[in-house]
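Hi,

Here is the model I promised to pass on. Have a look, and my notes follow below.

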Amino acid sequence: MFFSKELNRVYEHTAITCVLFDGTERIEVLNRKEFNEDIITNIEETLRFILKELKVRYEMQAQARRKEIYESPA
């Protein structure tokens, strides 16, 4: 599983599908992405998708860097 470039050729049901819905009813799809590469790339791309779709707010503090606070689904 770690070295296969297309996991679905070796194992069934190994792709990761990420979906962003509008609201909680799961009716209207805003974004959908399927990842079907090696397992490490799938995990990295899934995390990248999640961070891209989460809302983030910034808090300015007395430091030079701002603090990023990501929303987390309830």
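A quick definition before anything else: I call it a salt bridge when a side-chain nitrogen of Lys or Arg lies within 4 Å of a carboxyl oxygen of Asp or Glu. Glu53 and Lys52 qualify, because their closest N and O atoms are 3.6 Å apart. Keep in mind that this is a predicted model.

By that rule there are four salt bridges. Besides the Glu53 pair, they include one between Glu34 and Arg32, at 3.6 Å from N to O, and one between Glu59 and Arg57, at 3.0 Å.

How covered are the partners? Here is what I get for relative accessible area:

- Lys52 is exposed at 58%, while Glu53 is partly exposed at 23%.
- Arg32 also counts as exposed, at 52%, and Glu34 as partly exposed, at 43%.
- In the third pair, Arg57 is partly exposed at 47%, and so is Glu59, at 29%.

As for the overall fold, the protein chain has two helices and four strands, and they come in the order α-β-β-α-β-β along the sequence. Of its 74 residues, 14% are buried. The accessible surface adds up to about 6,600 Å², with 52% of that belonging to carbon and sulfur atoms.

One more number on the contacts: among those with a separation of 6 or more, 28% are between residues 24 or more positions apart.

Cheers

Terms used: Residues numbered from 1 in each chain as written. Predicted model: local features only at pLDDT ≥ 70, side-chain atom pairs only at ≥ 80, totals over all residues. Heavy atoms only, no water. Buried < 20%, exposed > 50% of the residue type's maximum accessible area, 1.4 Å probe, protein only. Contact = heavy atoms within 4.5 Å. Areas by Shrake-Rupley, 256 points an atom, 1.4 Å probe, with all protein chains shown as cover.
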